[in-house]
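Trainee: Could we take a close look at one part of this structure, the second largest pocket? Please walk me through what lines the pocket, and then turn to chain A.

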Amino acid sequence: MQGMQGEEERERGGRSPGQRRLLFWSFVVVLLGAAGVLLFWPHGPLQPEREETSTSSPEPGKAEQALQLYFADDEAQNLVSERRALPERASLEESVEAAIAALVAGPEEEHHNSVFPKEARLLQTYYTESTRTLFLDFNHALVDRHPGGSTAEYLTLGALVRTVAANFPQVTRLQILVDGQAIDTLAGHFDTSKPIEVSDWQ
Amino acid sequence: MKRGWQLACALFCLATAPAGAEVLQVRFEDGRPAAELGLQRLEAASLEWYVAANDVVRALGLERFWKPETGKLVLKIGETKLQVTVDTRLVVVGDDDVLLHLPVRYRAGSVYLPLEFLETVLAPAAGPSWHFDRSRLQLTVGGGGADVLGIDYETVSGDTEVRLHLARSFQHRVQATSKELVRVRLFDAVVNPLALVGDAPAPLVRRLRAEQRGSEALLYLELEPNVDGFDASTRDGGRTLVILLRRGLEPTPQPEFKLPETAQRESFRPEGAARRGCSVLLLDAGHGGDDAGVRGSGLVEKDLTLELANRLRPQLEAALPLRVELLRSSDRSITDERRAELANKSGGDILVSLHCNGAFSPGASGFEVLFVGPHTVGNRAQTAAAGNFLPWQNAQGPYATRSQQLAQVLQTELGKRLSLPNRGAREANLTFLRGVAMPAVVVEVGFLTNAGEAGTLQSPEYATQLAAGIAAAVQRLCDRSAAEGERMGWVDEPESEAAKR
């Protein structure tokens, strides 16, 4: 019977048991390999899609801080806020610089508008604890590339002060500098020669 | 090496300093007795003398405002304000800055001024009739070279003839800048501001002030409310300038009008029936000169506001029983402080400042009216009143409520006439308006950054609609003010009134 069965199987499959074992283990190896590729491929379909919410994406494994940034609405009537996750920084100054860089880079949500000239750059940041004053030293593009008008000026200052107030509550006064010097005004309407009291703009 | 130079300089100064000189002689050429001011050396690294500010104030009869919180001291000589700050070298002289070699100091409850302050700031500010002689440590005041020799008066049937005695005949102009202020300009003349200043120098004249401004001698006659008008003439070949002040009806006594305590001041008092309402509307063309304002759609804000102001002026004068004056009639730079000063000295009753708006979003559109409201200046005005010192930037305080009313009425009236969206009336802490001592608003007439809107702003029809809206709003505010028996603005400077009390 066995001989007949063997004959029949040879006739059906045409493979010996040794060949079948080899085929089976080959299949297992290919399966495991495919699973491994699917599991560990960096942007594989099994990874949930990460939300791109920040201009500088946090590095994997690094702590993040949630920041609230302010921009203008389409009609330039009101300030509107966006939340961003940025890598946590070691010092207040570095955190402020990251927040301002994101503010200058502009909004990501629809119907939100910039409040800073794109060319504006924060050159340096200082914080004096005794007076709780934050000094923000910008390049000249902050003034030169500003569109002007009391509305644009108000929104720039308002967004800046409210962004600082929302994320760095220890700051009570904010002094804007341009190329290291205090400026009388950004666009001719509001006084920036002296530190701005954060509470006045809340 | 550096120390060696310092030592050599110190020895040189010591050698050239007057021996035993520890007082500054102040000599008055108008006959007043001379005064001596004690001098001290406060800086270890310098041989410069210091003099106590209080001694200077007393000897020279200057007005003085001291704010201990900020260490700022303002001395007023004639109409010129000199502001120093303790431990700094910067002196603000009117619109200009002067940097001293040594800082102002505060010792044992007194502010001390380096002697160079008297030499390079105070004496030049007083005019050519003052002379500082460092080698003799002597300050000579007045008399010498002054062209206005004196003032007297005569009462004729209730009217007052004020006579200014001049050294010679001068080209002059006598002008009423408001109903209570007459300004006399003498061209190429010298005046000693201190020799002539005084309260009630003649009937119908509350106060006389004088100022040397460049080559012009300026005299201001502050008049009593019952002066009905004046005539100016000359006698003695031009060497006597006669100003005849005509007495009008006595004002009807009015019940005392009380301002909120935060803003009460002597100069803001009820006026008689004859003084009610408003007579001068100031129109300000925003920005100017180096300050271009918004640029958009091929247009520049400073040009457009000037063009608008020139278009609006005749239309407003035709529609209102008021005189309309422009704060800026050419393309020139004016700082916020100077603009506010011009407004306050012009004797205006209401100020409307024209601006064009700008935004990052090109779709932003519409007009809006801005004002410095009671919330913005309230607390600061209270603080200032408590310290008897009203800083310039809080001059708007007593008018903030009126400004708010004007802004609200104006946005309503403009909303009825303009085709652009009405963005409303907003409170904003605008630097310029804070120094203005009268109801004042900024009208943002539209967005230059909106290409569609920029064309509208240039059209004569838009100017006509703007004029109609402004005229209606100003009329409503003036009517309300007249009904409440209140005058709109004042021409005195806030500090001088605060200092009187």
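Mentor: Start with the domains. Domain 2 (148-247) and domain 3 (256-483) of chain B each give at least three residues to the lining of the second largest pocket. Keep in mind that this is a predicted model.

Now go down to the elements. Five elements of chain B each supply at least two lining residues. Four of them are strands: strand 15 (172-178), strand 16 (181-187), strand 19 (216-223) and strand 25 (323-326). The other is helix 6 (336-345).

Next, the residues. The lining of this pocket holds 23 of them. Nearest the centre lie B:T177, B:R183, B:L342, B:K345 and B:S346. Find B:T177 within strand 15 (172-178). B:R183 falls in strand 16 (181-187). B:L342 and B:K345 belong to helix 6 (336-345).

What classes of residue make up the lining? Twelve are charged, seven are nonpolar and four are polar. The volume of the pocket comes to about 590 Å³.

Now chain A. Five helices and eight strands are found there. Read from the N terminus, their order is α-α-β-β-α-β-β-β-α-α-β-β-β. Chain A has 202 residues, and 40% of them are buried. About 12,000 Å² of chain A is exposed, with 53% of that area supplied by carbon and sulfur atoms.

Last, look at how chain A's contacts span the sequence. Take the contacts between residues at least 6 apart. Of these, 61% join residues at least 24 apart.

Terms used:
Residues numbered from 1 in each chain as written. Chains lettered and ligands numbered in written order. Predicted model: local features only at pLDDT ≥ 70, side-chain atom pairs only at ≥ 80, totals over all residues. Heavy atoms only, no water. 1 Å grid on protein atoms, 1.4 Å probe; cavity = no way out; pocket = protein on both sides within 12 Å on 5 of 7 lines; lining within 4 Å. Points joined across faces, edges and corners; volume = space filled by probe spheres on them. Helix = DSSP H or I, 4+ residues; strand = E, 2+ residues; numbered from the N terminus. Nonpolar A, V, L, I, M, F, W, Y, C, P; charged D, E, K, R; others polar. Domains from an automatic or database assignment. Buried < 20%, exposed > 50% of the residue type's maximum accessible area, 1.4 Å probe, protein only. Contact = heavy atoms within 4.5 Å. Areas by Shrake-Rupley, 256 points an atom, 1.4 Å probe, with all protein chains shown as cover.
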